[in-house]
Structures are given as structure tokens and as C-alpha cells.
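Open the model in your viewer and get ready to click along. Could you show me the sequence and the structure, and then walk me through what to select, stop by stop?

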Amino acid sequence: MIRTGLILMCILYNFGAYSQSKKANTTKLDQPKLVVGIVVDQMRYDFLYRYYDRLSENGFKRLINGGVNCINNHYNYTPTNTGPGHATIYAGSPPAINGIAGNDWYERSLGKKHLLYSGFFGIRCWKYW
């Protein structure tokens, strides 16, 4: 009985495996000239629709209506700092894989702490905000 069930299962598996089309889709899609990603820290997703009537036609409305809008996204790590968040969005991998685990790191050979954005305008922005 078990042997018959295993044989039947193998036969059904093979039907499913060989029923797939082996010919790949050969139509080539046009690649975009530019891809723009916008991340607004601390902005809730529902603000795009709550204040939709206040947005300009050639600004966020144009991006919402003509672009790609990702909804119901979740981070599978914590804390959600700026550096790891942006790296995860654009790399598509969590901090454990992309290596950006925080907004700063310590360089042992120099004995110095660096911020991810410390080179931005040559100042440490977080001290002034």
C-alpha cells in the first residue's frame, strides 16, 4: 500500500514538473533611463492619501499616479535606523546580509567612531537637529 502510494506520488510529481513550459519569455522589455527612489524618514504611508488634494500635479501626485508605490511593507529587523533602512530598501537584503547594521561604526585601528553621513557637508548633522 505504501509502495503504491509512493509510486503514484512520483508519477504525479513528474507530470507537474514536465507540464511547465520550457520556452522562456523572449520579449525584451525596455529598461528605464532613470530609476528614482524616494525615502521620507518618519513619514507615514497614509499621509500620501490623506493630503493627496494638497499635492501638486507635477510633484508627488505624478509619482503616485505614474510610478510604483509599495504598500504594506514591513521591516524584518529592529531598530529601524536611517542607514540600515535605506540600505535594506535599495539592496533588498536585511542588515545581517548587506552589512549596514547601524548609523555609525567604530574603526578600531584609528580609535574613532564614524557616522554613515558624517561626510555630508563635512559636519555631523545629528548634532544640530
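Here is a tour that starts with the whole chain and then visits single helices, side chains and a pocket.

**Stop 1: the whole chain**

Begin with everything selected, and keep in mind that this is a predicted model. Switch to a cartoon view and count: the chain has five helices and two strands. If you travel along the sequence, the order reads α-α-α-α-α-β-β. The chain has 129 residues, and 12% of them count as buried. Now think about how distant parts of the sequence meet. Taking the contacts between residues at least 6 apart in sequence, 17% join residues at least 24 apart.

**Stop 2: colour by confidence**

Next, colour the chain by pLDDT. The mean is 76, and 73% of the residues reach 70 or more. Then select residues 120-129, where pLDDT stays under 50. For this stretch the model has nine contacts beyond four places in sequence. A word of care: where pLDDT is low, the predicted coordinates should not be read in detail.

**Stop 3: helix H3 and its side chains**

Select residues 60-66, which make up helix H3, and show the side chains. Start with Phe60, which lies in this helix. Is Phe60 buried, partly exposed or exposed? Phe60 is partly exposed, because its relative accessible area is 33%, and partly exposed covers the range between the 20% and 50% cut-offs. Leaving out residues up to four places away in sequence, Phe60 touches Leu48 and Leu55. Try the distance tool on Phe60 and Leu48: their C-alpha atoms are 8.1 Å apart, while in sequence the two residues are 12 apart.

Move on to Lys61, also placed in helix H3. Lys61 counts as buried because its relative accessibility is 10%, and buried means under 20%. Which residues does Lys61 contact, leaving aside neighbours within four places in sequence? They are Tyr52, Asp53, Leu55 and Ser56. Zoom in on Tyr52, and you will find Lys61 over the face of its ring, at 4.9 Å from the ring centre.

**Stop 4: a pair of rings**

Now highlight the aromatic side chains. A search of the whole structure finds two aromatic pairs. Phe47 and Tyr51 form an edge-to-face pair, with 5.6 Å from centre to centre and 65° between the planes. Rotate the view until you can see that angle for yourself. Phe47 counts as partly exposed because its relative accessibility is 25%, and Tyr51 counts as partly exposed as well, because its value is 32%.

**Stop 5: the loop between H3 and H4**

Select Asn69, which is found in the loop between helix H3 and H4. With a relative accessible area of 29%, Asn69 is partly exposed. Show what surrounds this residue: not counting residues up to four places away in sequence, Asn69 touches Tyr45, Leu48, Tyr49 and Ile64.

**Stop 6: helix H4**

Carry on to residues 82-91, which form helix H4. Which residues of H4 are buried? Pick out Gly83, Pro84, Gly85, Ala87 and Thr88. Part of what covers the buried residues of H4 is helix H5, at residues 95-98. Before you leave, click on Gly92, just after H4, which takes a positive phi of about 80°.

**Stop 7: the largest pocket**

Finish with a surface view. The largest pocket has a volume of about 1,600 Å³. It is lined by 38 residues, and the closest to its centre are Ile38, Val39, Val40, Cys70 and Ile89. Select those five to find your way to the middle. The elements that give two or more residues to the lining are H3 and H4, so you are back with two helices from earlier stops. H4 supplies the largest share of this lining, with six residues.

Methods:
Residues are numbered from 1 along each chain as its sequence is written. Side-chain values use heavy atoms; hydrogens and water are left out. Buried means under 20% relative accessible area, exposed over 50%, partly exposed in between (1.4 Å probe, protein chains only). Helices (H or I, at least four residues) and strands (E, at least two) are DSSP runs, numbered from the N terminus. Contact means heavy atoms within 4.5 Å. pLDDT is the predictor's confidence in each residue, from 0 to 100. Rings of Phe, Tyr and Trp (its six-membered ring) pair if their centres lie within 6.5 Å; planes under 30 degrees apart count as stacked, over 60 as edge-to-face and the rest as tilted. A charge sits over a ring if NZ of Lys or CZ of Arg is within 6 Å of the ring centre and within 35 degrees of the ring normal. On a 1 Å grid over the protein atoms alone, a cavity is a set of points where a 1.4 Å probe fits but cannot get out, and a pocket is an open set with protein on both sides within 12 Å along at least five of seven lines; lining residues have an atom within 4 Å of a point. Grid points are joined across faces, edges and corners, and a volume is the space filled by probe spheres set on the points.
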